[in-house]
Amino acid sequence: MTWHLEGTYFESCSCDVICPCSWSGFTAKATLDRCRALLAYHIARGEVDGVDVSGLTFALFLDTPQIMSEGNWRVGVFLDQSASDVQAAKLGEVISGQAGGPPAMLVPLIGEMLGIERVPIEYSDEGRVHHVRIGDATDLTVEDFVAGDLEEPVRLTNVPHPSNTTLTVAPAVAAHLATFGVDWGREGESGFSAPFAWAS
């Protein structure tokens with residue numbers, strides 16, 4: 001099966017800015033006892049095994065130990081309610097890592113799948129501001145951080161991250177999250193944004 005997805009992504013996690021898990025390749029301790037993260041992906045262009053999935057959005061909820069490389073992650077998936085059953089099935093194969101590509105790098109770290117929820121998802125990129133609303137319980141906004149009088153936002157480079165090796169620092173402006181039974185999120189917590197391009 002061949003597939004490709006291209007679009008934009010952003011995330012926020014319960015760590016202070018800048019998340020130690022991300023810059024360390026999952027080997028440094030998270031700010032709190034556990035790291036909770038939401039990663040949202042909007043597919044601008046995509047096809048999975050001949051099925052067009054352009055325009056759809058999905059998100060991953062992670063609940064991990066303080067040192068993420070230890071594994072035993074709890075992972076839940078939010079999938080765009082507007083996806084057809086065929087689109088949902090094909091995207092599910094990619095997101096789960098079964099179809100290879102970048103998502104497969106996370107598979108050895110997952111200890112428990114919390115499920116897949118098909119819900120309404122609203123996703124937007126407006127300049128440096130990125131927003132996602134998932135159902136009625138999750139509303140997250142992050143904003144790319146620009147230091148002083150510089151024109152470009154702060155970025156991390158050479159990061160071993162499944163979304164992109166270059167991440168723009170984007171702290172949470174507003175974060176109200178209820179994800180698979182876990183309530184979390186606070187203004188100013190860590191966040192990143194980037195384009196993503198996956199294929200296998």
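Two residues are in contact here when heavy atoms of theirs lie within 4.5 Å. The structure is a predicted model.

**Ser 12 in strand S1**

Ser 12 is part of strand S1, and its relative accessible area of 0% makes it a buried residue. Leaving aside residues up to four places away in sequence, Ser 12 touches Arg 36, Ala 37, Leu 38, Leu 140, Val 142, Ala 172, Trp 184, Glu 189, Ser 190 and Gly 191. With Glu 189, Ser 12 makes a polar contact of 2.9 Å between side chains. A polar atom of the Ser 12 side chain also lies 2.9 Å from the backbone oxygen of Ser 190.

**Cysteines**

How many disulfides are there? The count is zero, because a disulfide needs two cysteine sulfur atoms within 2.5 Å. For Cys 15, the closest cysteine sulfur belongs to Cys 19 and is 4.0 Å away, which is too far for a bond. For Cys 19, the closest cysteine sulfur is in Cys 13, at 3.7 Å, and this too is too far for a bond. Cys 15 is buried, at 1% relative accessible area, and Cys 19 is buried as well, at 2%.

**Backbone in the loops**

The loop between strand S1 (3-16) and helix H1 (20-23) holds Ile 18. The peptide bond that leads from Val 17 into Ile 18 is cis, and its omega is near -5°.

Positive phi values occur at the residues in the table.

| Residue | Phi | Place |
|---|---|---|
| Phe 26 | near 75° | loop between H1 and strand S2 (34-48) |
| Phe 180 | about 50° | loop between strand S12 (172-179) and strand S13 (182-184) |
| Gly 97 | about 90° | just after H2 |

Phe 26 has its positive phi without being a glycine, and Phe 180 is likewise not a glycine. Are these two phenylalanines buried or exposed? Phe 26 has a relative accessible area of 12% and is buried. Phe 180, at 18% relative accessibility, also counts as buried, because the limit for a buried residue is under 20%.

**Helix H2**

Gln 87, Ala 88, Lys 90, Leu 91, Val 94 and Ile 95 are the buried residues in H2. An α-helix has 3.6 residues a turn, so residues three or four places apart point the same way. Which elements do the buried residues of H2 pack against? Their partners are S1, S2, strand S3 (51-52), S4, S5 and S6. Gly 97, with its positive phi, follows just after this helix.

**The largest pocket**

The largest pocket has a volume of about 380 Å³. It is lined by 27 residues, and those closest to its centre are Leu 60, Leu 62, Trp 73, Val 75 and Leu 106. Two or more lining residues come from each of S1, H1, S2, strand S4 (57-65), strand S5 (73-80), helix H2 (85-95) and strand S6 (110-119). Which element gives the largest share of the lining? That element is S2, with four residues. By type, the lining of the largest pocket has 22 nonpolar residues, four polar ones and one charged.

Several elements recur in this account. S1 holds the buried Ser 12, and S1 is also among the elements that the buried residues of H2 pack against. H2 in turn is one of the elements that give two or more residues to the lining of the largest pocket.

Technical notes:
Residues numbered from 1 in each chain as written. Predicted model: local features only at pLDDT ≥ 70, side-chain atom pairs only at ≥ 80, totals over all residues. Heavy atoms only, no water. Buried < 20%, exposed > 50% of the residue type's maximum accessible area, 1.4 Å probe, protein only. Polar contact = N/O pair within 3.5 Å; in protein donor to acceptor, adjacent residues only side chain to side chain. 1 Å grid on protein atoms, 1.4 Å probe; cavity = no way out; pocket = protein on both sides within 12 Å on 5 of 7 lines; lining within 4 Å. Points joined across faces, edges and corners; volume = space filled by probe spheres on them. Nonpolar A, V, L, I, M, F, W, Y, C, P; charged D, E, K, R; others polar.
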